[in-house]
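Hello,

Here is the structure I promised to pass on to you. Please have a look at it first, and then read my notes below.

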Amino acid sequence: MQLPATREVACPRCDERTSVRVPREDAELNVRHSVAAFGEYTTVTCSNGHRYWVYFC
Ligand SMILES: [Zn+2]
């Protein structure tokens, strides 16, 4: 059994760091300002209220 992995990402607008859960330990994180129609991603809201999307590749 595998524990969920987390990774820190920086907000593209204010650089505030937030931990996100990643599906795999070796997943590549890709920060986007907008949502795409497909792909595995999570929505992040930083403590300053900025919303962005993190994609896993
Ligand atoms: Zn922010």
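Let me begin with a single residue. Leu3 counts as exposed, because only 6 C-beta neighbours lie inside 10 Å, and a residue is called exposed at 12 or fewer. You will find Leu3 in the segment before β1 (5-10). From Leu3 to Arg24 is a step of 21 residues along the chain, and the C-alpha atoms of the two are separated by 9.6 Å.

Please keep in mind that this is a predicted model. The chain has an average pLDDT of 89, and 96% of the residues score at least 70. Of the elements of the chain, strand β2 (residues 17-22) has the highest mean pLDDT, at 94, while the lowest, 91, belongs to strand β3 (residues 29-32). As a general caution, predicted coordinates should not be read in detail where pLDDT is low.

Now to the sheet. Three strands form an open sheet in the order β3-β5-β4, and their pairing is antiparallel. At the edges are β3 and β4 (41-45), each of which pairs on one side only. From one strand to the next, the twist averages 30 degrees.

If you would like a place to zoom in, try the pairing of β4 with strand β5 (residues 51-56): the two run antiparallel and are joined by 5 bridges. One residue pair to look for there is Val44 and its bridge partner in β5, Tyr52.

Happy to talk it over whenever suits you.

Best wishes

Conventions. Residues numbered from 1 in each chain as written. Predicted model: local features only at pLDDT ≥ 70, side-chain atom pairs only at ≥ 80, totals over all residues. pLDDT = per-residue confidence, 0-100. Helix = DSSP H or I, 4+ residues; strand = E, 2+ residues; numbered from the N terminus. Pairing = 2+ DSSP bridges. Axes fitted to C-alpha atoms, helices over the stretch in contact; angles between N-to-C directions. Buried ≥ 20, exposed ≤ 12 C-beta atoms within 10 Å, placed from the backbone.
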